[in-house]
Amino acid sequence: MSDNPLSVESETSSAGDSRPRRGIKSYVLRAGRMTVAQTRGLEEVWPRLGLSVVDGPLNLDALFGRAAPRVVEIGFGMGASLIEQVQAHPETDFIGIEVHAPGVGKLLDEADKRQLSNLRVYREDALEVLSRCIPEASLDGLQLFFPDPWPKKKHHKRRIVQPTFVELVRTRLKPGGTLHMATDWQAYAEHMSEVMAAAPGYRNTAAEGDYVARPAFRPLTKFESRGAKLGHGVWDLLFARTD
Ligand SMILES: C[S@@+](CC[C@H](N)C(=O)[O-])C[C@H]1O[C@@H](n2cnc3c(N)ncnc32)[C@H](O)[C@@H]1O
């Protein structure tokens, strides 16, 4: 995106040139009104915690000023679950990636109010960020919580979980690092299981079956607890990189 974090994103490459974006997107950019706090996040906090793909590969130790465990969360939405993890785990550095401007603004505003320094944020396509900015074998974890399920068959190609995606993630994880996915859409959970079963270089950490119980480090979101009361299921998948 451009240097101005409030600019409207165009359908051009995030490298800032006029090439069309490559491939099919896993998201639709929605126009949404920004609250005062979200605008403050994007205008005032972004210069300190925001990152851009055009700046290229990260040196994570230099970025955070220390060596520490590193976790990336893709598609954090309004950031409710990510901000709790960032606060609960000051010993870990987090990088959030989200294309939705109000969510990015909200997360930045909250991070500033809570004086959290172990967080950086991209407002760009996670595939671009992973391939162009995150070094190989640098992550202890990658989280993908409730990605857009794209339920219609003609839209399945838009699902972010695809063989090429999980292979890209594998290269960014350290050996032993984990890919943690959660969804409340059973058909998407089954799709995730199929993709992971066929993916080389991963081990399913589930003791039994395909899924794990929600690990304590994934905070329960309001959306999820509401769904649970209505009897909706949630499926967590936790895979570790083996090679
Ligand atoms: C269904 S929402 C879930 C949000 C949040 N994780 C939660 O549990 O409430 C999925 C989010 O992923 C984001 N997203 C989808 N594809 C993305 C991509 N390629 N890069 C960055 N964000 C993406 C969307 O903008 C959306 O906010």
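## Exercises on binding-site residues and a helix pair

Glu73 has its place in strand β2 (residues 70-74), where strands (E, at least two residues) and helices (H or I, at least four) are DSSP runs numbered from the N terminus. The model is predicted, so that local features need pLDDT of at least 70 and side-chain atom pairs count only at pLDDT 80 or more, while totals for chains, interfaces and linings use all residues. Residues are numbered from 1 along each chain as its sequence is written.

**Exercise 1.** Determine whether Glu73 and Glu98 are buried or exposed, and list their contacts.

*Solution.* Begin with the record: the UniProt annotation "binding site", from an unreviewed entry, covers Glu73, Glu98, Asp125 and Asp148. These residues are spread over 76 residues of sequence, yet they cluster in space, with a largest C-alpha distance of 14.3 Å. UniProt annotations may be inferred rather than shown by experiment.

Next, apply the burial rule, by which a residue is buried if 20 or more other C-beta atoms, placed from the backbone, lie within 10 Å of its own, exposed if 12 or fewer do, and partly exposed in between. Glu73 has 26 other C-beta atoms within 10 Å and is therefore buried. Glu98, found in the loop between β3 (93-97) and α4 (101-113), has 24 C-beta neighbours inside 10 Å and so counts as buried.

Finally, take two residues to be in contact if their C-beta atoms lie within 7 Å. Leaving aside residues up to four places away in sequence, Glu73 touches Leu82, Phe94, Gly96 and Gln143, whereas Glu98 is in contact with Gly75, Phe76, Gly77, Gly103, Val104 and Arg123.

**Exercise 2.** Work out where Asp184 lies and which residues Asp184 touches.

*Solution.* UniProt lists Asp184 for "binding site" (unreviewed entry), together with Lys152, Thr221, Lys222, Phe223 and Glu224. Asp184 is found in the loop between β6 (173-183) and α7 (186-198). Because 17 other C-beta atoms lie within 10 Å, Asp184 is partly exposed. Not counting residues up to four places away in sequence, Asp184 touches Phe146, Gly227, His232, Gly233 and Val234.

**Exercise 3.** Describe how helices α1 and α4 pack, starting from the angle between them.

*Solution.* Helix α1 (residues 36-49) and α4 pack at about 70 degrees, with their axes 7 Å apart; axes are lines fitted to C-alpha atoms over the stretch in contact, and angles run from 0 to 180 degrees between N-to-C directions. The two helices α1 and α4 are therefore roughly perpendicular, a term for angles of 65 to 115 degrees, with under 35 counting as roughly parallel, over 145 as roughly antiparallel and the rest as oblique.
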